[in-house]
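Opening my notebook for today. I want to look up the open spaces first and then the cysteines.

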Amino acid sequence: MDSNPSSPVDETTIRRRRSDGVAPPTAKDYLNPDYWNQRFSEEEHYEWFKGYSHFRDLLLKHLLPNHSVLEIGCGNSQLCEELYRDGFKNLTCIDLSAVAVDRMQKKLSAIGVDGIKVLEADMLDLPFANESFNVVIEKGTMDVLFVDSGDPWNPRPSTVDKVMAMLEGVHKVLKPDGMFISISFGQPHFRRRLFESPGFTWSVNWNTFGDGFHYFFYTLKKGERPSDYKASGQISDMHSLSLFHEELEDEDYIFRTAVEELNT
């Protein structure tokens, strides 16, 4: 790989990631459940948008030991394991893939972790009662809904419908003072319009993490949107994706660039 940090990921890296059967041939395949089932049947572990240690300090500011926590789209991430080790015992993970759920259940059992519920469920139709959780977390899961969104300034109605179904479900299952945490590539000028839709009572704030390229750490606090609400955030200088690619995991880069190409 070129040692120049301003150069894009080389084609060898992209071909290798795709040829090993992990990264799909096209970004649209990320929307195919069969792709994920096949991938999870073969892949032991992958962390989208960095591992827990990179955003742990940001996350722990918003969690208490007695909080009930829902992770949406757990896949084969270790996020719930890491939270469990940090003392959080009331954890629920969901994924649409039956393969991911089965493998996660077996893995947790094998390492002696019996306090995490792992369920097969659709993030667009959450199977939980109103006000069930103190905190809902998603890391890269919502980004998949934008794979074929078209113009990011004016996403397709079908994309907006799916995103709103997810957000409405999250808002419903949060307790009155609960918090939704979204870890995303999506920049605030794209995400705020959805997060701040009428009907939601949450405030919207964000931080960034990562050296060079920034991942966004959104915190949406239910019940705290004043009538004259204006979102505030903390953002360092923006950089185009072609810069600082070595800060990204290989497939994070491929996912982001493939989606941008698909939607242009």
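How much space lies in the largest pocket? I noted about 710 Å³ for the largest pocket, keeping in mind that this is a predicted model.

Next I checked the walls. The largest pocket has 35 lining residues, and Trp36, Leu96, Met123, Thr141 and Val144 are the ones nearest its centre. I sorted the lining by type and got 19 nonpolar, 9 polar and 7 charged residues.

Then I asked which helices and strands each supply at least two residues of that lining. My list reads helix H2 (33-42), strand E1 (69-72), strand E2 and helix H6 (141-144). H2 gives the most, with 4 residues.

On to the cysteines. How many disulfides are there? I got 1 disulfide. It joins cysteine 80 to cysteine 93, with 2.4 Å from S to S. Cysteine 80 sits in helix H4 (residues 79-85) and cysteine 93 in strand E2 (residues 91-95), so the bond ties together parts that are 13 residues apart in sequence. I jotted down that E2 also helps line the largest pocket.

Buried or exposed: which word fits cysteine 80 and cysteine 93? Both of them are buried.

Last entry: why is cysteine 74 not bonded to cysteine 93? The closest cysteine sulfur to cysteine 74 is the one in cysteine 93, but the gap is 4.9 Å, which is too far for a bond. The cut-off I used is within 2.5 Å. Cysteine 74 is buried as well, with a relative accessible area of 2%.

Conventions. Residues are numbered from 1 along each chain as its sequence is written. This is a predicted model: local features need pLDDT of at least 70, side-chain atom pairs count only at pLDDT 80 or more; totals for chains, interfaces and linings use all residues. Side-chain values use heavy atoms; hydrogens and water are left out. Buried means under 20% relative accessible area, exposed over 50%, partly exposed in between (1.4 Å probe, protein chains only). On a 1 Å grid over the protein atoms alone, a cavity is a set of points where a 1.4 Å probe fits but cannot get out, and a pocket is an open set with protein on both sides within 12 Å along at least five of seven lines; lining residues have an atom within 4 Å of a point. Grid points are joined across faces, edges and corners, and a volume is the space filled by probe spheres set on the points. Ala, Val, Leu, Ile, Met, Phe, Trp, Tyr, Cys and Pro count as nonpolar, Asp, Glu, Lys and Arg as charged, and the others, Gly among them, as polar.
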